[in-house]
Amino acid sequence: MQIRTIHPTDYLAVDLLIRAAFTPTAFGYGNEAELVEKIRLSKEYIPELELVAVKNQMIVGHGLLSEVSLVHEKDQTIGLVLAPLAISPDTQKQGIGSQLMHELEARAQQLNYPFISILGHPDYYAKFGYVPAEYYLVKAPFDVPTEAFMIKSLTKDGLKKRPGMIQYPSAFNE
C-alpha cells in the first residue's frame with residue numbers, strides 16, 4: 001500500500017469513498033464529501049495535507065487536515081483540524097487509517113503546526129495520543145460531547161498556556 005498526496009484526478013474516487021465510508025455509520029453521511037470540496041477552495045487548504053491510501057491501484061483511504069484558529073482573547077494560534085478521515089468499508093480494520101494518521105501528523109510536524117483537533121470517535125483517536133480538548137481548556141464553538149472533541153499537541157509546548165476556542169473556517173459553516 002502507498003500513502004501519497006492527493007492528485008486532482010483522485011477527486012471523484014475520493015468523493016465516492018467518503019460517501020461509502022460514512023453512509024453506514026451510526027451518524028450516517030453528513031455531507032463530508034461536500035465539506036472536502038469547500039475546504040479545497042478555501043485559504044485554509046494545504047495540498048500536502050490531503051492524503052490518499054492506494055492499494056492495488058485503488059484509493060482505499062483518505063485524510064485531510066486544514067487550518068483552524070485557537071482563539072483566546074486577542075491571541076490566535078493557527079493549528080489543524082482533521083476532517084475527514086475515511087476508509088473504504090471493505091478495507092477497514094487493516095491499519096489503513098493508522099497509516100494515514102501517522103503520515104498526516106508527520107507532515108503537520110514538518111510544517112511546524114502546534115496541534116491537531118478532531119471531532120471523532122474517542123476510542124479510535126485516543127490510541128494516537130488525542131485527549132479531550134478540555135484537558136487543555138480548549139472549547140468547541142458548538143455543542144459537542146466532551147469526549148468526542150479531542151486535541152493533540154504536536155510540539156513540546158504546542159498547547160501550553162493556550163486555552164481558548166477553536167474557530168473553524170467558513171467551509172465548515174456553509
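This dialogue reads one helix and the nonpolar cores of the structure above.

Biologist: What kind of model is this, and how are residues numbered?

Modeller: The model is predicted, so local features need pLDDT of at least 70 and side-chain atom pairs count only at pLDDT 80 or more, while totals for chains, interfaces and linings use all residues. Residues are numbered from 1 along each chain as its sequence is written, and side-chain values use heavy atoms, with hydrogens and water left out.

Biologist: Which residues of helix H2 are buried?

Modeller: In general, an α-helix has 3.6 residues a turn, so residues three or four places apart point the same way. In H2 (residues 32-40; helices are DSSP runs of H or I, at least four residues, and strands runs of E, at least two, numbered from the N terminus), Glu32, Ala33, Leu35, Val36, Ile39 and Arg40 are buried, meaning under 20% relative accessible area with a 1.4 Å probe, protein chains only. These residues lie on the same side of H2 because they cover an arc of only 155° around the axis, taken from the directions from the axis to the C-beta atoms.

Biologist: What do the buried residues of H2 pack against?

Modeller: They pack against helix H1 (11-22) and strands E2 (45-55), E3 (58-72) and E4 (75-87), where contact means heavy atoms within 4.5 Å.

Biologist: Is Glu37, also in H2, buried or partly exposed?

Modeller: Glu37 is partly exposed, with a relative accessible area of 41%, the class between 20% and 50%.

Biologist: Which elements build the largest nonpolar core?

Modeller: In soluble globular proteins, nonpolar side chains tend to be buried together. Here the largest nonpolar core has 23 residues, and Leu82 is one of those that touch the most other members; a core is a set of buried Ala, Val, Leu, Ile, Met, Phe, Trp, Tyr and Cys residues joined through side-chain atoms within 4.5 Å. E2, E3, E4, helix H3 (96-110) and strand E5 (115-119) each give two or more residues, with the largest share, 5 residues, from H3.
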